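Please open the structure below in your viewer and keep the selection tool at hand. The tour goes from the whole chain to a helix and then to a single residue.

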Amino acid sequence: PVDADQQELEETLRQLDNTTKELRQSAHRLMPDMLLEGGLAEAVFYFCKNLSTGSGLRINFQQYGNIPRMQPEFEIALYRIVQELVQNIIKHADATKGLIQFNCREGMLYITVEDNGKGFDIKTNGREGMGLKSIRTRLRALNGIMDISSHRQSGTAVNLEFDIRSVIIPEKENYAY
């Protein structure tokens, strides 16, 4: 029985790796065109929609306020942060539902990514995976703030905050990469 359990675990991990690779490939294919044409909020909306069809995880996207167009590098970095947070949900949370929420008001962009998964201990003696390290590096570059709250068996919420006043592209200017 132990060998069968081990084989089943290895097969599940292989499937998870394949799903993760497919998700990354899909996201990379979608990202540039969606960001270029519709902006960050639309690109994340389609990312969530396509993710929901390809995995057991269903992610709802909500937007409050108008999300202005921002400098391309800034939008790409934010998109990558959201992608990485979703990857963490898929890899670690055992969640069935997630929420990505954008709220823009008075030059501030607030992004919340949460799930109904198993949660984790935030105080893990400073040990972070590559995903969180990558997110923290991007946050520093964007002068963003991150707050993580997680509770065993009730999920995780990541709240991000960015002052976007200096990266907004005025609507009358052409937006081109």
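What follows is a short list of selections, with what to look for at each stop.

**Whole protein.** Start with everything shown as a cartoon; this is a predicted model. Four helices and five strands make up the secondary structure, and their order from the N terminus is α-α-β-α-β-β-α-β-β. Switch to a surface: the protein exposes about 10700 Å², with carbon and sulfur atoms supplying 48% of it. Of the 177 residues, 40% are buried. Taking contacts between residues at least 6 apart in sequence, 71% join residues at least 24 apart.

**Helix α3.** Select residues 72–93, which form helix α3. Put a distance between the C-alpha atoms at its two ends: they are 31 Å apart. This agrees with the 32 Å that its 22 residues should span at 1.5 Å a residue. Now colour the helix by burial: 18 of its 22 residues are buried, so α3 is mostly covered.

**D94.** Move to D94, just after α3. Its phi is positive, about 50 degrees.

**Strand β2 and G98.** Select residues 97–105, strand β2, and pick out G98 within it. Is G98 buried or exposed? G98 has a relative accessible area of 11%, and because buried means under 20%, it counts as buried.

Which residues surround G98, leaving aside neighbours within four places in sequence? Show L57, R58, I59 and N60, together with E114 and D115: G98 is in contact with each of these.

Last, add A157. It is 59 residues from G98 in sequence, while their C-alpha atoms are 9.5 Å apart in space.

Methods
Residues numbered from 1 in each chain as written. Predicted model: local features only at pLDDT ≥ 70, side-chain atom pairs only at ≥ 80, totals over all residues. Heavy atoms only, no water. Buried < 20%, exposed > 50% of the residue type's maximum accessible area, 1.4 Å probe, protein only. Contact = heavy atoms within 4.5 Å. Areas by Shrake-Rupley, 256 points an atom, 1.4 Å probe, with all protein chains shown as cover. Expected span 1.5 Å × (residues − 1).
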